[in-house]
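Let's take a friendly walk through some side-chain contacts and the strands that carry them. Have the structure open as you read.

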Amino acid sequence: MPIYSGQNKIKLAVGGQKVKKAYLGNQLVYSAGSVVTYRVDTETVYQEEVDEGASCLSPKTFTPSKSGWTFVGWRSDGAASGTVLTNKVMGDTPVTLYAVFRQIITVTYYNGNTTASSASGNRYYNNGAISNPSFTLNQVALSGWTVRGWSTNGTANSGITYNNGVAFTRDSNVTLFGMYQQTIILTLYNGSSSATNQSRTRYYCPGSGSTVNPAFTVTPATLSGWSFNGWAASSNATAAIVYSSISNTVFSTNATLYGRYSQTITLSYNGNGASGGSTAAQTGTRYWNTGNLANPSFALRTNGFTRTGYIWTKWAMGSAGGTQYPSGAKVTLETNTVFYALWVGTPHYFAPLSNAEWSITDQFGADNHFKVDTDNDRIIASAKGVAWTGTYGYTNVSATIPTGGCTKVRLTVMGLGGAQTYYVYGMVNDIIICETSPANLTSVGSANINGNSITVTLRIVNPDKNNASSGALTEIYFYN
């Protein structure tokens, strides 16, 4: 209990020393006023005597301070809180007060753009106890991108420090970057008409402008007999190559790529009994892309082989009995192919024979409008249909085979005028070749080799009624 003098509390002193408390008999009594213990920090403690009824919140012998912190006020406990005492007066008992200090923590953040925003909170210290401020940051949506969270590093693929929308505490200032990602898909037709996919992640940090694109590595499929050319942007067999290979290759957008392949097609020539010379082979490229093919075309070379006693006539595809082509003809091939030289025996006579050597033996179904004659070493049949009594007329013309005989004959027939159908007629023994075909030549037959003479039948069908219809036998080869 306090000491009173009358109605007033008094202080007790012995000599020059104040007495805080004493016993009167068995009763503990206090002198007016007491001591305030100020705990500024765990190792920093002050004490001051404060009169009863006086404020305890304004120490006289020191100013509370802590490096890096701002003094906020006093608490009667050690809690690290910004709620401090606004009034505390001395009573009958000693008082202990705890200093509260504050730091302002700032979070600077870039949220979907290059403009910085910030949020601040208070950090408190009380006699070793600390409370840190809490923050919650929500990333803005960016079209085509997925939010990742917040990072202290502006490199796009940096690790995430704080998750988006999740509260976190800080004990120091920090700068944070909102991070984003998207999936890049590489669709591949890799030696097949069916697609496969590879996917990787692309990263983006709008605050720093950093983008990290994914890299892909693709092993091309092996196709037997084909060589891999590279990757094209379409399935066209000859589509341009955009990537020769995909080895740690960076992509920033989705892509569809098609594996293109090729093989070499060789067109070679066989002399087929040639006695000399040669004809160089040709090569072309065949392409494959997702099942689509492009085969190479070739112009057949001029014959370079020689064969004694023969002349070259054509090239035959695949074998001597194959489809025949002249030099310069265009062929398209899908496999390696050999073309064989075709030969005929060297003709021992070139015709037409002189006019005197031909004879006209018969004219069938003809009238005075049908005639056969010779003109400039040509055998000519002609007709004009004004008074035509039948549908056709024909005649046999004969000549003696030159000395030495022959087993084969090659004829050249051509139309001279009119809308006639004109041809050699009388298919008997051997071959006939129409090497200069008029547009209206509809049928070619054989010449009749009879012993040492040859008979050729010339025929005109449905002649033009107003204009002379004429055709000519212009050339004859005799050979064995």
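Does D41 count as buried or exposed? At 14% relative accessibility, D41 counts as buried, because the cut-off for that class is under 20%. Please keep in mind that this is a predicted model.

## Salt bridges

D41 is a good place to start. Its side chain meets that of K66 in a salt bridge, with 3.0 Å from N to O. The two partners come from separate parts of the chain: D41 belongs to strand β7 (residues 34-41), while K66 lies in the loop between β8 (44-50) and β9 (70-75), so the salt bridge ties together parts that are 25 residues apart in sequence. Unlike buried D41, K66 is partly exposed, with a relative accessible area of 22%.

How many salt bridges does a search of the whole structure find? The search finds two. Besides D41 with K66, there is a salt bridge between D77 and R75, where the closest N and O atoms are 2.8 Å apart. Here R75 is buried, at a relative accessible area of 15%, and D77 counts as partly exposed at 31% relative accessibility.

## Charges over rings

K66 has another contact worth a look. Its charged end sits over the ring of Y125, at 4.3 Å from the ring centre. So K66 takes part both in the salt bridge with D41 and in this contact with Y125, which rests on a cut-off of 6 Å to the ring centre.

Elsewhere, an arginine makes a contact of this kind: R307 lies over the face of Y310, 3.9 Å from the centre of the ring.

## Strand β7 and its neighbours

Now back to the strand that holds D41. Of the eight residues of β7, six are buried, so this strand is largely enclosed by the rest of the structure.

Which way do β7 and β8 run relative to each other, parallel or antiparallel? They run antiparallel and are joined by seven bridges. With two residues between them, β7 and β8 form a hairpin, and S34 stands opposite V50 in β8. β7 also pairs with strand β10 (residues 95-110): these two run parallel, with four bridges joining them. In that pairing, R39 stands opposite Y98 in β10.

When you look along these strands, a general point helps: in a regular strand the side chains alternate between the two faces of the sheet.

## Aromatic pairs

Across the whole structure, a search finds 22 aromatic pairs. One of them is F228 with Y261, an edge-to-face pair with 5.3 Å from centre to centre and 70 degrees between the planes. F228 lies in strand β20 (residues 227-232) and Y261 in strand β23 (residues 255-270), so the pair ties together parts that are 33 residues apart in sequence. Y261 counts as buried at 1% relative accessibility, whereas F228 counts as partly exposed at 25%.

Y243 and F251 form a tilted pair, with centres 5.1 Å apart and planes at 45 degrees. In this pair F251 is buried, with a relative accessible area of 5%, and Y243 counts as partly exposed at 28% relative accessibility.

Finally, which residues do ring pairs link into a cluster? They are Y38, Y46, F62, F71, W74 and F101.

Key:
Residues numbered from 1 in each chain as written. Predicted model: local features only at pLDDT ≥ 70, side-chain atom pairs only at ≥ 80, totals over all residues. Heavy atoms only, no water. Phe/Tyr/Trp six-rings, centres within 6.5 Å; stacked < 30°, edge-to-face > 60°. Buried < 20%, exposed > 50% of the residue type's maximum accessible area, 1.4 Å probe, protein only. Lys NZ or Arg CZ within 6 Å of the ring centre and 35° of its normal. Salt bridge = Lys/Arg side-chain N within 4 Å of Asp/Glu carboxyl O. Pairing = 2+ DSSP bridges.
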